[in-house]
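Here are some notes for a colleague who is opening this entry for the first time. They are set out as numbered points, to be read with the structure in view.

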There are 2 protein chains.
Amino acid sequence: MIPEKNFNIKKYDSQKPQAFYCHPHGELWIGDSIQWLKNLASESVDLVFADPPYNIKKAAWDNFESQAAYVNWSLTWIEEVSRILKSTGSLYICGFSEIIADIKLPALKFFSGCRWLIWHYKNKANLSNDWGRSHESILHFRKTNNFYFNPDNIRIPYGEHTLKYPQHPQAKTSQYGNNGKNDRRIWRPHPQGAKPRDVIEIPTICNGMDEKTKHPTQKPEELVRKFILSSSSRGDIVLDPFFGSGTTLVVAEQLGRRWLGCEIIPEYAVWAVERIKSVKYMSDEEWFWCDRKNEERRKKFR
Amino acid sequence: MIPEKNFNIKKYDSQKPQAFYCHPHGELWIGDSIQWLKNLASESVDLVFADPPYNIKKAAWDNFESQAAYVNWSLTWIEEVSRILKSTGSLYICGFSEIIADIKLPALKFFSGCRWLIWHYKNKANLSNDWGRSHESILHFRKTNNFYFNPDNIRIPYGEHTLKYPQHPQAKTSQYGNNGKNDRRIWRPHPQGAKPRDVIEIPTICNGMDEKTKHPTQKPEELVRKFILSSSSRGDIVLDPFFGSGTTLVVAEQLGRRWLGCEIIPEYAVWAVERIKSVKYMSDEEWFWCDRKNEERRKKFR
């Protein structure tokens, strides 16, 4: 299935995206994302995870003439993503809060709603005489109010306090209810934990991790897994218009989703293909407990 | 100093703000904040902490015709705040991320820069079938690049990993430097801890806390203390244009700052005055260690 000849990284015309790698579950393309998105069918995709340029001059592909030019460019691809999403679909976009804030309001016209999520990490050095950066934002746009979301797949550990006092009387004014017909006074923990929160604590990629590539802004698989587990089902189509080192596609393949991706730098696509070829397969449930154990281990360590 | 006759809460005309409470270190006014700000001298204030209406219909004062009307109203008071701030001054504004994002870009024209901070709390119930809200955003606008900021007053505990491996060789490419003239390979911890980060973990106000009033959106003193400790000095003027239950003014008084506040609901001002009258005084250093101990206790508990 793998047309190795396409690995020649010099012949691509970014304005005419070209297939780079085909696989029984997905395809990788090289070229300009907006041109690529325009060729995709409307309402055909279940989930889009996008880690676009941030306009922070991190690499050559991260330079824009101005913040206004960046916002305009962003709206162009976001409008195409909205078009190709099914009515149950979600779009997640990563960015620095100060920058992505400018995109939220104009992008909202292509969606029914947006929730603002925080990726919180504590393992970055903090040398400046300012607040140390320890978060990025992830906007969760929903195509319609009927968007698919399964929080059970990404439940989080209960706090020790909650587990210590599982049964307690509720105040009369409690939103949990305190009447005969809806008696929730006897609380029982959910076997998979508490509902997920909008602040997600996962460390950034470190040197020495199996998943580490040379990509300058690689996202952790564990982070992307939260969105694929909660916002898609097995067999669904997950798309990443700026796949970089391929994390979204790797995680989609791990979890039995189908996947589509585009990237403008052919060298990154080579790394992505290598990662996809060596994917480890487990059930959604197994991945859930794998990440949960990592999370609990980190909590004890810090 | 306290003109008790002003405690009659019925006679205020919001368009003509009126002094409500005078104190050797500050003043509280009742009325419309924009009208009040217009009467203040330019470049006279060191720090503004603002917890304005969020436009989430939390109370009667939190209703706006539209998000556009909310943004326009916000820009009016923010422009006045920029005018009254000294060149070294900062403005902090609280809000839900999804909403305050719309204010950042247009407000930036009154300032030299903005950093996006997260107030992260874990102690709120999460009943909806969506990401549970566990954060608010706090925008840190700086009047000029010469803004005052003292991170030492709000340093945070080092991670156990950092303390366990204080001395380690740096990679050749490390940003910490690895050459003879700037040898930082031997790392020593700062006595007050690591530099502050842009995600601040403090629980929301709980029933039973000494500082709790009946105000529906009261902020924790510990949270506000971070901003007053880092962005002002003793004797500086701290201003809150929507003081509500008075948290900003209480913390300013605790820390030996002067303070000014305005509030449209006279009943809230009565609560604020009660709190100001019973303020506990400690040095900046003592408050720092008091909050630090609380933070460490919470970490062990959870």
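**Notes on the salt bridges and the interface**

1. A good place to begin is within chain B, where B:Asp46 and B:Lys86 form a salt bridge whose closest N and O atoms are 3.0 Å apart. This pair links distant parts of the chain, since B:Asp46 belongs to strand β3 (residues 45–50) of chain B and B:Lys86 to strand β4 (residues 85–95) of chain B, 40 residues apart. The two partners are covered to unlike degrees: B:Asp46 counts as buried at 7% relative accessibility, whereas B:Lys86, at 28%, counts as partly exposed. Please keep in mind throughout that this is a predicted model.

2. The salt bridge just described belongs to a wider set, for the structure holds 37 salt bridges over all chains. Between chain B and chain A the count is eight salt bridges. As general background, side chains of opposite charge can pair when their charged atoms come close.

3. Which residue of chain B meets A:Lys104 in a salt bridge? The partner is B:Asp102, with an N to O distance of 3.0 Å, and the pair crosses between chains, from helix α3 (residues 97–107) of chain A to helix α3 (residues 97–107) of chain B. Both ends of the bridge are covered: A:Lys104 counts as buried at 5% relative accessibility, and B:Asp102 is buried as well, with a relative accessible area of 7%.

4. A second bridge across the interface has ends that are less covered, and the reader may wish to set it beside the previous one. The side chains of A:Lys122 and B:Glu201 meet in a salt bridge at 3.2 Å, N to O; A:Lys122 lies in the loop between β5 (113–120) and β6 (135–142) of chain A, and B:Glu201 lies in strand β7 (residues 199–201) of chain B, so the pair joins two chains. Here A:Lys122 is partly exposed, with a relative accessible area of 25%, and B:Glu201 is also partly exposed, with a relative accessible area of 26%.

5. Two further items concern charged side chains. B:Glu98 and A:Arg115 meet in a salt bridge of 3.3 Å, N to O, and A:Glu98, A:Arg133, B:Arg115 and B:Asp198 are linked in a network of salt bridges.

6. How much area do chain B and chain A bury between them? The figure is about 4,600 Å², with 53% of it on carbon and sulfur atoms. On the side of chain B, the residues that lose the most area to chain A are B:Leu127, B:Trp131 and B:Arg197, which together account for 18% of what that side buries. In terms of contacts, 46 residues of chain B touch 46 residues of chain A.

7. Polar contacts also run between the chains, with a count of 36 residue pairs between chain B and chain A, both residues at pLDDT 80 or more. Several elements of chain B each supply at least two residues of the side that touches chain A, namely α3, β5 (113–120), β6 (135–142), α4 (160–164), β7 and α5 (221–231). The residues of that side of chain B divide into 20 nonpolar, 12 polar and 14 charged.

8. The arrangement of the two chains deserves its own remark. Chain B is superposed on chain A by a rotation of 180 degrees with 0.0 Å of shift along its axis, the RMSD being 0.0 Å, and the two copies are thus related as by a two-fold rotation axis. The same surface serves both copies, in that 100% of the contact residues of chain B recur in chain A. Of the residues of chain B, B:Ala101 comes closest to the rotation axis, its C-alpha lying at 2.4 Å.

9. A:His140, in strand β6 of chain A, is worth a separate look, being buried with a relative accessible area of 0%. Its side chain is joined to that of B:Trp131 by a polar contact of 3.0 Å. Leaving aside residues up to four places away in sequence, A:His140 touches a set of residues including A:Tyr92, A:Cys114, A:Phe147, A:Phe149 and B:Trp131.

10. Last comes helix α6 (residues 247–254) of chain A, which is mostly covered, with eight of its eight residues buried. Among the buried residues of this helix are A:Leu249, A:Val250 and A:Val251, and also A:Glu253 and A:Gln254. Just after the helix, A:Gly256 takes a positive phi of about 70 degrees.

Note on methods. Residues are numbered from 1 along each chain as its sequence is written. Chains are lettered from A and ligands numbered from 1 in the order in which they are written. Side-chain values use heavy atoms; hydrogens and water are left out. A salt bridge is a side-chain nitrogen of Lys or Arg within 4 Å of a carboxyl oxygen of Asp or Glu. Helices (H or I, at least four residues) and strands (E, at least two) are DSSP runs, numbered from the N terminus. Buried means under 20% relative accessible area, exposed over 50%, partly exposed in between (1.4 Å probe, protein chains only). Contact means heavy atoms within 4.5 Å. Buried area is the accessible area (1.4 Å probe) that two parts lose on being put together, summed over both. A polar contact is a pair of N or O atoms within 3.5 Å; within protein, one must be able to donate a hydrogen and the other to accept it, and residues adjacent in sequence count only if both atoms are side-chain atoms. Ala, Val, Leu, Ile, Met, Phe, Trp, Tyr, Cys and Pro count as nonpolar, Asp, Glu, Lys and Arg as charged, and the others, Gly among them, as polar. Copies are superposed by least squares on the C-alpha atoms of residues with pLDDT of at least 70 in both.
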